[in-house]
Amino acid sequence: MSNQDETPEYRLRKELPDEVPVTPSADGVTEKPAEPALTGRQRLVQGIWPPRVSRAQLIVALLLFGLGFGLAVQVASNSDSGNALRGARQEDLVRILDELDDRSQRLEDEKQGLEKQQQELENSSDQAEEARKQTVEKEKQLGILAGTVAAQGPGITMTIEDTKGTVEADMLLDAIQELRAAGAEAIQVNGVRVVAGTFLTDSGKSVSVDGNKINTPFRFKVIGNPQDLEPALNIPGGVVQTLEKEQATVTVERSDKIVVDALRAAKQPDYARSSGQ
């Protein structure tokens with residue numbers, strides 16, 4: 001190889017491409033040589049610069065940046081806490097554990113206290129409901145005795161036919177007393193409810209019950225145990241024999257369902273008051 005070939009000018013000329021002669025066109029205009037093709041690296045640079053970023057891509061980039069920053073802060077905080085515990089003395093660690101145990105115990109005590117309060121509230125609610133039910137039931141029972149509530153149940157029906165007009169008020173009162181002694185719980189005579197303060201009086205050839213005149217036949221509707229009520233009326237020298245001596249006809253029928261629906265208005269006492277007031 002000659003020294004001429006080693007000169008820088010020759011090497012530069014050798015590396016350059018051969019000159020392309022300009023070819024005139026048919027109309028005499030000289031055509032410009034075609035631009036050289038771009039390499040792959042040049043096309044890559046032109047594709048990424050200047051950057052063309054859309055609005056959506058910018059928002060996504062900002063969100064990713066914020067997420068990464070938050071994670072970095074959290075990791076740094078956890079690392080600081082872990083480093084603080086690792087660098088703490090044994091006495092400090094024991095104290096921290098004791099505080100955690102105390103806090104856990106307080107929370108457990110508070111939980112047990114809340115559960116106890118819940119149980120007490122449930123028990124008080126159940127007791128209140130039971131007391132309410134008992135009060136309602138007691139009210140019904142007292143209403144039956146007072147004649148302010150209708151009643152039904154097993155019992156008897158006693159009918160007295162008095163064609164001669166010989167039955168008097170005291171005879172009917174004896175029948176009521178005999179029925180009460182036998183366990184009658186509710187009594188009704190010809191649509192008039194019989195209660196503790198009921199009184200009977202003679203009214204000409206008929207009878208009045210609490211001021212209500214009733215006529216024959218006298219029909220008693222009685223709620224109670226039929227096996228106790230009927231024998232009590234038919235005992236020797238009892239109500240039935242006494243009425244039959246007065247030429248009255250008496251029939252007693254048992255029934256599984258007697259309805260006593262005659263009611264009395266509840267009366268407010270004038271002087272008596274509950275001792276609890």
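## Helix H6

The expected span of a helix is 1.5 Å times one less than its number of residues. Helices are DSSP runs (H or I, at least four residues), strands likewise (E, at least two), numbered from the N terminus. This is a predicted model: local features need pLDDT of at least 70, side-chain atom pairs count only at pLDDT 80 or more, and totals for chains, interfaces and linings use all residues. Residues are numbered from 1 along each chain as its sequence is written, and side-chain values use heavy atoms, with hydrogens and water left out.

Helix H6 covers residues 169–181. Its 13 residues should span 18 Å at 1.5 Å a residue, and the end C-alpha atoms are 18 Å apart, which agrees.

## One buried face

Which residues of H6 are buried (under 20% relative accessible area, 1.4 Å probe, protein chains only)? They are Ala169, Met171, Leu172, Ala175, Ile176 and Leu179. Seen down the axis of H6, the buried residues fall within an arc of 165°, so they line one face of the helix. The arc is taken from the directions from the helix axis to the C-beta atoms.

Gly183 comes just after H6. Its phi is positive, about 105°.

## The whole protein

The protein has eight helices and eight strands. Of its 277 residues, 20% are buried. Contact means heavy atoms within 4.5 Å. Among contacts with a separation of 6 or more, 74% join residues 24 or more positions apart.

Methods:
Buried < 20%, exposed > 50% of the residue type's maximum accessible area, 1.4 Å probe, protein only.
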